[in-house]
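Reader: I am new to this structure and would like a close look at one part of it. Please take a single charged residue, show what it is linked to, and then place that group in its surroundings.

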Amino acid sequence: MVIKAVIHRIEGENAILLADEVGVEISIPANIIKGSCIEGETIALTLDCCTE
């Protein structure tokens with residue numbers, strides 16, 4: 001599943017992303033995107049599900 005989200009803000013050690021298409025706010029470690037993305041930019045998050 002791919003979710004498109006906008007980098008809304010940086011709060012301490014976390015980047016807060018807004019994904020309007022699914023109506024959620026997502027928090028990820030800021031060091032994942034620092035240096036390569038800026039606030040206001042849209043990124044794609046890929047979620048991979050495993051089945052056992």
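Author: A good place to begin is Glu25, which is exposed, with a relative accessible area of 51%. The cut-off matters here: a residue counts as exposed when its relative accessible area is over 50%. The model is a predicted one, and the values below are computed from it.

Glu25 forms a salt bridge with Arg9, and the closest N and O atoms of the two are 3.7 Å apart. Arg9 belongs to strand E1 and Glu25 to strand E3, so this pair ties together parts that lie 16 residues apart in sequence. Arg9 also forms a salt bridge with Glu11, where the closest N and O atoms are 2.7 Å apart. The count of salt bridges comes to two, and Arg9, Glu11 and Glu25 are linked by them in a network.

The members of this network can be described by their exposure as well. Arg9 is partly exposed, its relative accessible area being 23%. Glu11 is likewise partly exposed, with a value of 43%. Glu25, as said, is exposed at 51%.

To see how the network sits in the fold, the sheet has to be described. It is an open sheet of four strands in the order E3-E2-E1-E4, and the pairing is antiparallel. Strand E3 (24-29) and strand E4 (42-46) stand at the edges with a single partner strand each, so one side of each is left without a neighbour in the sheet. From one strand to the next, the twist averages 45 degrees. As a general point, strands of a sheet pair through backbone hydrogen bonds, either parallel or antiparallel.

In the order of the sheet, E2 stands between E3 and E1. The salt bridge from Arg9 in E1 to Glu25 in E3 can therefore be set beside the backbone pairing of these strands. Strand E1 (residues 2-11) pairs with strand E2 (residues 14-19) in the antiparallel sense over five bridges. Within E2, Ile16 is the bridge partner of Arg9. Ile16 in turn has Ser27 as its bridge partner in E3. Two further pairs help to follow the strands: Ile7 stands opposite Leu17 in E2, and Ala15 stands opposite Ile28 in E3. E2 and E3 run antiparallel and are joined by six bridges.

The turns between these strands come next. E1 and E2 form a hairpin with two residues between them, and Gly12 in that turn has a positive phi of about 60 degrees. E2 and E3 also form a hairpin, here with four residues between them; Gly23 in the turn has a positive phi of about 70 degrees.

Arg9 has another acidic residue in contact with it. Glu39 is found in the loop between E3 and E4. Leaving out residues up to four places away in sequence, Glu39 touches Ile7, His8, Arg9 and Ile10. The C-alpha atoms of Glu39 and His8 are separated by 5.7 Å, although the two residues are 31 residues apart along the chain.

Glu41 also has its place in the loop between E3 and E4. At 30% relative accessibility, Glu41 counts as partly exposed. Its contacts, leaving aside neighbours within four places in sequence, are Ala5, Val6, Ile7 and Ser36. Ile7 is thus touched by Glu39 and is in contact with Glu41. By contrast, the C-alpha atoms of Glu41 and Val22, which are 19 residues apart along the chain, are separated by 17 Å.

Val22 leads to the last feature, a part of the surface without charge. Met1, Val22, Val24 and Leu47 form a nonpolar patch on the surface, with about 350 Å² of accessible area together. Met1 is in the segment before E1, and Met1 is exposed, with a relative accessible area of 61%.

To return to the starting point, Glu25 in strand E3 is tied to Arg9 in strand E1, and Arg9 is linked with Glu11 in the same network of salt bridges.

How values were computed: Residues are numbered from 1 along each chain as its sequence is written. This is a predicted model: local features need pLDDT of at least 70, side-chain atom pairs count only at pLDDT 80 or more; totals for chains, interfaces and linings use all residues. Side-chain values use heavy atoms; hydrogens and water are left out. Two strands pair if DSSP finds at least two bridges between them. Axes are lines fitted to C-alpha atoms, for helices over the stretch in contact, and angles run from 0 to 180 degrees between N-to-C directions. Patches are made of residues with over 30% relative accessible area and no salt bridge: like charges are joined within 9 Å, nonpolar side chains (Val, Leu, Ile, Met, Phe, Trp, Tyr) within 5 Å. Accessible areas come from the Shrake-Rupley method with a 1.4 Å probe; for residues, only the protein chains shown count as cover. A salt bridge is a side-chain nitrogen of Lys or Arg within 4 Å of a carboxyl oxygen of Asp or Glu. Buried means under 20% relative accessible area, exposed over 50%, partly exposed in between (1.4 Å probe, protein chains only). Contact means heavy atoms within 4.5 Å.
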